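Biologist: Please take a close look at one part of this model, namely its surface. A connected account will do.

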Amino acid sequence: MNANLSAAGPIPVSVAPEILADIQAEFSREWQRLCDDARRGALAPLTDRRFAGDAWAANGSHLLLAHTYLLSARAMQRMVDAAQVSEPMRARLRFSIMQWVDALSPSNFLALNPDAQQSIVESAGRALNEGLANLLGDVKKGRITQTDESQFEIGRNVATTPGEVVFENRLFQLIQYAPSTATVHELPLVIVPPNINKFYILDLQPENSFVRHAVEQGYTVFLISWRNPVASDTDGVDHATWSDYLDDAVLQALRVASDITKQPKVNALGFCVGGTMLASALALAEARGEQPVASLTLLTSLLDFHDTGILDVFVDEAHALLRDHQLGSGGLMPGRDLATTFSFLRPNELVWNYVVGNYLKGQKPPPFDLLFWNGDSTNLPGPFFSWYFRNTYLENNLKVPGRAQAAGMPLDLTRLTMPAYIFGSREDHIVPWVSAYASTQLLRGPQRFVLGASGHIAGVVNPPAKKRRSYWVADKLGQTGHDMPGDPNAWFAQSTENPGSWWPDWTAWLSGHSGKQVKARTKLGNAKYRPIEPAPGRYVKVRAA
């Protein structure tokens, strides 16, 4: 994925003449009304936060410009809605128009932004100097600064849950966290985070750490910390494949946790891409006659890629062929490209907001742990990425039993019969909740689907102490694994909304699959897997170039 929609040539787009005439007539009427209001000094203040400042309301010409911009944007969106094209092409048009419209907002230009001009005047030019310094600093870093990164340090005030690295290889380090309770559940929990980001989204600060919460609930927690490969590496990690990640990382982590805790099976949790990798690895193990887990948790993960939401605009054969050619035989997929892609899914919030604040107004963004994590991107081995892109987003091969292969074995997700807890976020624009729900139609064991409020990250990271948001469950469904409706809206119609965090619901469910209470081990690792270094380890501290 990157910011280019496709390598294909332009496709002609047309709008029915009568609809186009109606759009033009409405635009003319609204434009005339705006001009009349401007002449009378009666233009209404705008609620759009880009133009909500006092300086916009106080300057008639700038306020008219903002109104005209928004009018033009609405007309463009109506033209996209009326375009005589297929729905996939309409989605691409809508995404492209969003990029151009958001980029051309008058608030993004110093000459057209009275708020920014006022900042320069009131600071006697200091805002201009600091804005230029911010711009040059970001050019040097190759990315837009979204938070005051000087306020965070991995291992000091983010990713601070105590533990030890008990295993490492060329792909990952495995962290075992120290218990904080006198007794723990017999079966450990192994967490597989996405390798397109750093793991500490699940261990930000003590008060919002999912990892710490699980430890405090009496679970022995292991977590994969993915290696961030860089161009200077010489051990061939840039040639690592999807099969390598399943065999040498996910399944290896399960084996180490099983060995250390002396349990034949463990509980496993996958988040986002980590969930896709975990389910694929379990399908690989099943193909070999192995069942290494007692239960499976999937958080905002895709197994069926039929509907990938807004990301679908990046997916076509031409793009897959390009990535196969660039990366299929080796090399690195730059984390910067992936980060840019995700930022431009919400450009006003994650791009232009900072262009205005950092560069035009010379401001330093406030410290925010989640945005510090968001700016800490990771590179991916090229063969891994090209296989993943083609077999999931483009061809949806994991959904079809035996169509996708790893390590020479066919993968069949429908053979997974362990109990599963599946979580989706209702406003998720990366993993639409209906697509997270689609996993219920592939897995065959007892299931509990939970729908949380908010988006891809905020829906997952929702600690109970905050008493925020809500979640939906349908307690009567999923007990056999064969009674989950095919239509997610049918499930939703039978669900009940509950206030607060879903975390207690998950820990209550997990406790039923975690065995008896046993005395907590104060010594981490074992004779075979001795502690290597304290958590969070050194792999997570490597930054992408």
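What area does the protein chain expose, and what percentage of it do carbon and sulfur atoms supply?

Modeller: The protein chain exposes about 23,000 Å², and carbon and sulfur atoms supply 55% of that area. Accessible areas come from the Shrake-Rupley method with a 1.4 Å probe, and for residues only the protein chains shown count as cover. This is a predicted model, in which local features need pLDDT of at least 70 and side-chain atom pairs count only at pLDDT 80 or more, while totals for chains, interfaces and linings use all residues. Residues are numbered from 1 along each chain as its sequence is written, and side-chain values use heavy atoms, with hydrogens and water left out.

Of the 545 residues in the protein chain, 56% are buried (buried means under 20% relative accessible area, exposed over 50%, partly exposed in between, with a 1.4 Å probe and protein chains only). The C-alpha trace spans about 80 × 55 × 50 Å along its principal axes. The radius of gyration is 25 Å, which agrees with the value near 24 Å for a compact globule of 545 residues (taken over C-alpha atoms; the globule rule is 2.2 Å times the number of residues to the power 0.38).

Charges come next. The chain has 50 positive and 53 negative charges, and their mean positions are 4 Å apart (Lys and Arg count as positive and Asp and Glu as negative, without His and the chain ends; the places are NZ of Lys, CZ of Arg, CG of Asp and CD of Glu).

Two residues combine some accessibility with a positive phi. Lys262 lies in the loop between α8 (242-261) and β6 (266-271) (helices, H or I of at least four residues, and strands, E of at least two, are DSSP runs numbered from the N terminus). Phi of Lys262 is about 60 degrees, and Lys262 counts as exposed because its relative accessibility is 67%. Ala407 sits in the loop between β10 (405-406) and β11 (409-410), with phi near 50 degrees. At 38% relative accessibility, Ala407 counts as partly exposed. Most residues other than glycine have a negative phi.

Confidence matters for such details. The average pLDDT (the predictor's confidence in each residue, from 0 to 100) is 95, and 98% of the residues score at least 70. Over residues 1-8 the pLDDT is below 50, although this stretch has 28 contacts beyond near neighbours in sequence in the model (contact means heavy atoms within 4.5 Å). Where pLDDT is low, the predicted coordinates should not be read in detail.
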